[in-house]
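Here is a short tour of one protein chain. Keep the sequence and the 3D view side by side as you read.

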Amino acid sequence: FTLHDLLPSLAVVAAAPASKRERALHGAMRRLASARQRVAVRRRAGLPGYGVHSLEEIGQALHASEAAAHCLDQRGRHNLRRDARLCEVMGVEVQA
């Protein structure tokens with residue numbers, strides 16, 4: 001998946017420069033509840049420096065099951081959709 005999957009309606013994204021969006025995303029990633037969520041989201045989304053990984057690969061890296069990796073990824077993406085700073089820069093509404 002892509003950042004588009006994390007935050008729907010990215011048609012407005014052009015309003016903010018790419019570097020500002022990147023800083024906002026990295027800040028939101030740091031604000032995630034746990035390091036495990038950060039690992040799951042970074043690897044699943046294929047953020048720079050991580051590449052795209054399957055849930056099985058993420059589970060192995062975290063010494064967890066594939067189901068646990070899926071839960072961490074889903075919870076992390078949910079939290080990103082609720083991050084007010086990230087949504088403001090991306091030009092989308094915060095999801096409840």
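Let's start with His63: is it buried or exposed? With a relative accessible area of 76%, His63 is exposed, because anything over 50% counts that way. You'll find His63 in the loop between helix H4 (55–61) and H5. There's a quirk in its backbone too: His63 isn't a glycine, yet it has a positive phi of about 55°. Keep in mind that this is a predicted model.

Now zoom out. How many helices and strands does the chain have? The count is six helices and zero strands, so the pattern along the sequence is simply α-α-α-α-α-α. The chain has 96 residues, and buried ones make up 36% of them. Its accessible surface comes to about 5,600 Å², and 52% of that belongs to carbon and sulfur atoms. What about links between distant parts of the sequence? Take the contacts between residues at least 6 apart in sequence: 52% of them join residues at least 24 apart.

Two of the helices are easy to check with a ruler. Here is what you get for H2 and H5.

| Helix | Residues | Expected span | Distance between end C-alpha atoms |
|---|---|---|---|
| H2 | 13 residues | 18 Å | 18 Å |
| H5 | 16 residues | 22 Å | 23 Å |

Both expected spans use 1.5 Å a residue, and the end-to-end distance agrees for H2 and agrees for H5 as well.

Let's walk along H5, which covers residues 66–81. Its buried residues are Ala69, Leu72, Asp73, Gly76, Arg77, Leu80 and Arg81. Look at the spacing of those numbers with this in mind: an α-helix has 3.6 residues a turn, so residues three or four places apart point the same way. Cys71 lies in H5 as well, but it counts as exposed because its relative accessibility is 51% and the cut-off is over 50%. The C-alpha atom of Cys71 is 9.9 Å from that of Leu55, and the two residues are 16 apart along the chain.

H5 also packs against H3, at an angle of about 90° and with the axes 8 Å apart. The two helices are therefore roughly perpendicular to each other. On the H3 side, the contact is made by Arg36, Gln37, Ala40, Val41 and Arg44. H5 brings a list that includes Ala69, Leu72, Asp73, Gly76 and Leu80.

Over in H2, the buried residues are Ala24, Leu25, Gly27, Ala28 and Met29. Glu22 is found in H2 too, and it is partly exposed, with a relative accessible area of 48%. Glu22 and Val89 are 67 residues apart along the chain, yet their C-alpha atoms are separated by 9.7 Å.

Finally, which residues have the most contacts inside the largest nonpolar core? They are Leu25, Met29, Leu32, Val41, Leu47, Leu80 and Leu86, in a core of 14 residues. Helix H2 (18–30), helix H3 (35–45) and helix H6 (84–90) each supply at least two residues of this core. There is also a second, separate core of six residues, and among them are Ala40, Leu55, Leu62 and Ala69. You've met some of these names already: Ala40 and Ala69 take part in the contact between H3 and H5, while Leu25 and Met29 are among the buried residues of H2.

Methods
Residues numbered from 1 in each chain as written. Predicted model: local features only at pLDDT ≥ 70, side-chain atom pairs only at ≥ 80, totals over all residues. Heavy atoms only, no water. Helix = DSSP H or I, 4+ residues; strand = E, 2+ residues; numbered from the N terminus. Expected span 1.5 Å × (residues − 1). Buried < 20%, exposed > 50% of the residue type's maximum accessible area, 1.4 Å probe, protein only. Core = buried A, V, L, I, M, F, W, Y, C linked by side-chain atoms within 4.5 Å. Contact = heavy atoms within 4.5 Å. Areas by Shrake-Rupley, 256 points an atom, 1.4 Å probe, with all protein chains shown as cover. Axes fitted to C-alpha atoms, helices over the stretch in contact; angles between N-to-C directions. Parallel < 35°, antiparallel > 145°, perpendicular 65-115°, else oblique.
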